[in-house]
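Let's take a look around this protein together. Keep the sequence and the 3D view open while you read.

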Amino acid sequence: MARIGEVAYLKVVAVNTTGAFLDWGQPKDVLLPFAEQRFRPEVGKRVLVMLYEDAQGRPVASMRLDRFLADEAPDMTPGDRVALVIAERTDLGFKAVVDHRYWGLLYADDIIHPPRRGQRLTGYIKRVREDGRLDLAMLPPG
């Protein structure tokens, strides 16, 4: 379902005094500590998280994606095929995670069908702006 170093949309299976536990397709659920939560998740709901290893090498989840994802993508070029995970709706379109490393923006004009939060898509780099940020498209250029 999900691996360390990836952004995933996971289901909350339990909440206790330690934090929330998420089903990530492994025998043991992964911990989402209170310190890594942006809001208190409810059992049965899904949350968008980054999976990483803590100092002891244990898998942990974080809802604080900005700590792991960069706004600028210097190694991307227009036309590159990328993996997208839809993060949230904005006034301009949808904010998406690009290749589990960068933030990008999928403009409303470039959307073929409305994506859902957490949905995984194949997308393309439409443009790398002067500030290094990515504009995305659902269709290949040309």
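## Around Asp110

Leaving aside residues up to four places away in sequence, Asp110 touches Lys126, Leu136, Ala137 and Met138. Keep in mind that what you're viewing is a predicted model. With Lys126, there's also a polar contact from side chain to side chain, at 2.8 Å.

Where does Asp110 lie along the chain? You'll find Asp110 in the loop that runs between strand S8 (102-107) and strand S9 (120-128).

## Two annotated stretches

Now zoom out a bit. According to the unreviewed UniProt entry, the annotation "domain: S1 motif" covers residues 3-64 and also residues 77-139.

What is each stretch built from? Residues 3-64 come out as 48% strand and 0% helix, with the C-alpha atoms at the two ends 17 Å apart. For residues 77-139, the figures are 54% strand and 0% helix, and here the end C-alpha atoms are 15 Å apart.

## Two domains and what lies between them

The domain assignment splits things up with its own bounds: domain 1 takes in 6-67 and domain 2 takes in 80-137. Their C-alpha centres lie 23 Å apart. So how many residues of domain 1 are in contact with domain 2? Nine are, and they meet 10 residues of domain 2.

People often describe the size of an interface by the accessible area lost when the parts come together. Here, domain 1 and domain 2 bury about 800 Å² between them, and 56% of that is on carbon and sulfur atoms. On the domain 1 side, Val7, Tyr9 and Leu48 lose the most area to domain 2; together they make up 55% of what that side buries.

## Polar links and the domain 1 side

There's one salt bridge between the two domains. Look for Arg120 and Glu6: these two form a salt bridge, with their closest N and O atoms 4.0 Å apart. The count of residue pairs in polar contact between the domains is three.

Which elements give two or more residues to the side of domain 1 that touches domain 2? They are strand S1 (7-15) and strand S4 (46-53). S1 gives the most, with three residues. Sorted by type, the residues on that side of domain 1 are six nonpolar and three charged, with no polar ones.

How values were computed: Residues are numbered from 1 along each chain as its sequence is written. This is a predicted model: local features need pLDDT of at least 70, side-chain atom pairs count only at pLDDT 80 or more; totals for chains, interfaces and linings use all residues. Side-chain values use heavy atoms; hydrogens and water are left out. UniProt positions are given in the numbering used here, feature names are shortened, and annotations may be inferred rather than shown by experiment. Helices (H or I, at least four residues) and strands (E, at least two) are DSSP runs, numbered from the N terminus. Domain bounds come from an automatic or database domain assignment. Contact means heavy atoms within 4.5 Å. Buried area is the accessible area (1.4 Å probe) that two parts lose on being put together, summed over both. A salt bridge is a side-chain nitrogen of Lys or Arg within 4 Å of a carboxyl oxygen of Asp or Glu. A polar contact is a pair of N or O atoms within 3.5 Å; within protein, one must be able to donate a hydrogen and the other to accept it, and residues adjacent in sequence count only if both atoms are side-chain atoms. Ala, Val, Leu, Ile, Met, Phe, Trp, Tyr, Cys and Pro count as nonpolar, Asp, Glu, Lys and Arg as charged, and the others, Gly among them, as polar.
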